[in-house]
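The following questions and answers are intended for a first-year student of protein structure. Please keep the sequence and the model in view while reading.

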Amino acid sequence: MIPACPLADLPRGEAFRLETDPPVSVFHTEDGELFALDDTCTHQDASLADGWVEDCWVECPLHASKFNLKTGEVDAPPAKLPVRTHQVVVEDGMIYVKLSTAAPNLPHCVARKLAGAGT
Amino acid sequence: MVGASLAGLSAARSLRKQGYDGRLVVIGDELHRPYDRPPLSKEFLAGTLGEEDLTLEADGEDLSAEWLLGVRATGLDHTARAVRLADGREVHADGFVIATGAAARTFPGSEGLAGVHTLRTLDDARALRDELVRGGRLVVIGGGFIGAEVASTAYALGLEVTVIEAAPTPLAGPLGETMGAVVSALHADHGVRLLCGVGVKGLSGERQVDAVLLEDGRSIPADIVVVGVGARPCVEWLEGSGVVLDNGVKCGADGRTSLAGVVAVGDCASWYDPRAGHHRRVEHWTGARERPEAAIATLLAGGAVEPGVPRPPYFWSDQYGVKIQFAGHATGADSVTIEDGAADDRNVLAVYRRAGNPVAVLGMNQPRLFMRWRKQLAATS
Ligand SMILES: Cc1cc2nc3c(=O)[nH]c(=O)nc-3n(C[C@H](O)[C@H](O)[C@H](O)COP(=O)(O)OP(=O)(O)OC[C@H]3O[C@@H](n4cnc5c(N)ncnc54)[C@H](O)[C@@H]3O)c2cc1C
Ligand code: FES
């Protein structure tokens, strides 16, 4: 489990971005629920933590594809693949993320950058 | 549904989502299924995205629609409740969605001259890309968004690029003078020549273009010319139908037209904008995607719904690796202030105000702050 931030530091309607590789964001909805998703949009290099959260969806800040915070599913292109979701645990007022072991759906441009950085 | 692109597809999705399960016919004059246009001047033109990446339908998406592609609608007969097609067929329906978009304006006298391009469709982009990869000197007529993006992509491909803009400052219409100058300074930053305040008199060349002739007498040598002088709404097919046209299809704040059972969406539609207090034709991707939902609600309810206030128009542009984002209306602003970053760094968050109230926001490489302002704009204005 990776510690994110104290629950008290993440107001409703806000997101916290963890600088993991790839980055992960924790969203605190207006209804008080917590969700963790890969932070990078599956279309291009945009941070979903900068997106527009409404109900159970986050809208990508660039081209408006929406991702379901519970399931990671995408509503409509330009993004075509879901984002990976992670488990969120709150213990003693601290938010932790349990990273998924599934493969992430990174956009071409980011996946290339990561691959390039490794060689 | 007439027009099989982003607005038409979004309308088809909204119809199904809102519970319409009857027959749905989508008519489009391009042969392609709906595809995404923004990459045509960016990644697709650069060669980093292929055609398969442009499709707008999701894998396995099935809207149970009949697609009549490669055929043009030539008229709407409201009394007979039918759309006439160029091949003589007629399609009868109870409701009509007009989503015929816009077409690139051409330069008079450029017809038949090889090397001269406009950019609106996938076929245009293929043809332009085939020439750009051969290299040479590119002259872009028009310093608007599409012209600037083509210049930026061609520069990255290694071409020698000149942009010609008739107005003293490019992008002054959408962004205002001050920020139009900041954004268009990206050209000079990269060694792309920008000539402003000078009109184009004509093109020279026998069969192949060889130069662009300016009104001040200069001649700019060119191997390839891209004409990026805006787009006109594709509504001539509606003349005489009874649908009121005024810079596109004139619509209420929810897409209703002057005829019952007919709505219009996307680049061809000029919706009444309650914030601005007048009609505006918005030519942005996000409007073509979002607004059909309201228009379809109106269509299905027979006009009996109270229109909500749509979100302020939003668009983006990518130039020379800089992400440009804009929301709201720059016209009518009486001040622009840089709230974060610095114009010289091409990293800016600028807020446009009218009588102290924010009316628009521009971001260059500022997605996080931009979104905060965009939300605020939607909430307050
Ligand atoms: C090169 C390029 C880059 C762009 N980049 C951006 C960007 O970065 N950001 C942004 O916000 N927006 C951008 N846009 C704008 C965005 O793509 C448009 O706003 C959007 O495509 C509008 O969708 P639409 O469905 O209303 O119209 P269109 O996409 O124009 O589609 C209309 C369709 O109707 C068809 N049609 C027309 N007349 C008839 C007829 N009589 N019968 C049958 N079919 C007909 C047309 O052939 C076309 O297929 C860009 C546009 C272009 C061309
Ligand atoms: S980057 Fe998210 S939709 Fe394009």
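Q: How much area does chain B expose?
A: This is a predicted model, and the values below are computed from it. In chain B, carbon and sulfur atoms supply 49% of the exposed area. The area that chain B exposes is about 16,000 Å².

Q: What scores does the model receive, and what pLDDT does chain B average?
A: The model has an ipTM of 0.88 and a pTM of 0.95. Where pLDDT is low, predicted coordinates should not be read in detail. In chain B, 100% of the residues score at least 70. The average pLDDT of chain B is 96.

Q: How many helices and strands does chain A have, and in what order do the elements run?
A: The secondary structure of chain A consists of one helix and nine strands. Read from the N terminus, the strands precede the helix. The order is β-β-β-β-β-β-β-β-β-α.

Q: How many helices and strands does chain B have?
A: Chain B has 381 residues. Its C-alpha trace spans about 55 × 55 × 40 Å along the principal axes. The secondary structure of chain B comprises eight helices and 25 strands.

Q: What radius of gyration does chain A have, beside that of a compact globule?
A: The C-alpha atoms of chain A fill a box of roughly 40 × 30 × 20 Å along the principal axes. For 119 residues, a compact globule would have a radius of gyration near 14 Å. Chain A agrees with this, because its own radius of gyration is 14 Å.

Q: What radius of gyration does chain B have?
A: A compact globule of 381 residues would have a value near 21 Å. Chain B agrees with that expectation, since its radius of gyration is 21 Å.

Q: What percentage of the residues is buried in chain A, and what percentage in chain B?
A: A residue counts as buried when its relative accessible area is under 20%. In chain A, 49% of the 119 residues are buried. In chain B, the buried part of the 381 residues is 53%.

Q: Among contacts between residues at least 6 apart in sequence, what percentage joins residues at least 24 apart in each chain?
A: These percentages concern contacts between residues at least 6 apart in sequence. In chain A, 39% of such contacts join residues at least 24 apart. In chain B, the corresponding value is 58%.

Q: How far apart are the mean positions of the positive and negative charges in each chain?
A: Chain A carries 9 positive and 18 negative charges, and their mean positions are 8 Å apart. Chain B carries 38 positive and 48 negative charges. The mean positions in chain B are 3 Å apart.

Q: Which residues are joined by cis peptide bonds in chain A?
A: Most peptide bonds are trans. A:Pro22, in the loop between β2 and β3 of chain A, follows a cis bond with omega near 0°. A:Pro78, in the loop between β7 and β8 of chain A, follows a cis bond with omega of about 25°. The joined residues are A:Asp21 and A:Pro22, and A:Pro77 and A:Pro78.

Q: Is A:Asp92 buried or exposed?
A: A:Asp92 lies in the loop between β8 and β9 of chain A and has a positive phi of about 50° although it is not a glycine. The cut-off for exposed is over 50% relative accessible area. At 84% relative accessibility, A:Asp92 is therefore exposed.

Q: Is B:Tyr320 buried or exposed?
A: B:Tyr320 is found in the loop between β21 and β22 of chain B, and its phi is also positive, near 50°. Its relative accessible area is 12%, so B:Tyr320 is buried.

Q: Which residues of helix α3 of chain B are buried?
A: Helix α3 covers residues 122-132 of chain B. Its buried residues pack against α2, β8, β9, α4 and β15 of chain B. They are B:Leu122, B:Ala125, B:Leu128, B:Glu131 and B:Leu132.

Q: Which residues does B:Phe145 touch, not counting residues up to four places away in sequence?
A: B:Phe145 is in helix α4 of chain B and counts as buried because its relative accessibility is 17%. The C-alpha atoms of B:Phe145 and B:Gly230 are 9.2 Å apart, although 85 residues separate the two in sequence. Beyond four places in sequence, B:Phe145 touches B:Leu171, B:Pro174, B:Leu175, B:Phe315, B:Ser317 and B:Gln319.

How values were computed:
Residues are numbered from 1 along each chain as its sequence is written. Chains are lettered from A and ligands numbered from 1 in the order in which they are written. This is a predicted model: local features need pLDDT of at least 70, side-chain atom pairs count only at pLDDT 80 or more; totals for chains, interfaces and linings use all residues. Side-chain values use heavy atoms; hydrogens and water are left out. Helices (H or I, at least four residues) and strands (E, at least two) are DSSP runs, numbered from the N terminus. The radius of gyration is taken over C-alpha atoms; the globule rule is 2.2 Å times the number of residues to the power 0.38. Buried means under 20% relative accessible area, exposed over 50%, partly exposed in between (1.4 Å probe, protein chains only). Contact means heavy atoms within 4.5 Å. Lys and Arg count as positive and Asp and Glu as negative; His and the chain ends are not counted. The place of a charge is taken as NZ of Lys, CZ of Arg, CG of Asp or CD of Glu. pLDDT is the predictor's confidence in each residue, from 0 to 100. Accessible areas come from the Shrake-Rupley method with a 1.4 Å probe; for residues, only the protein chains shown count as cover.
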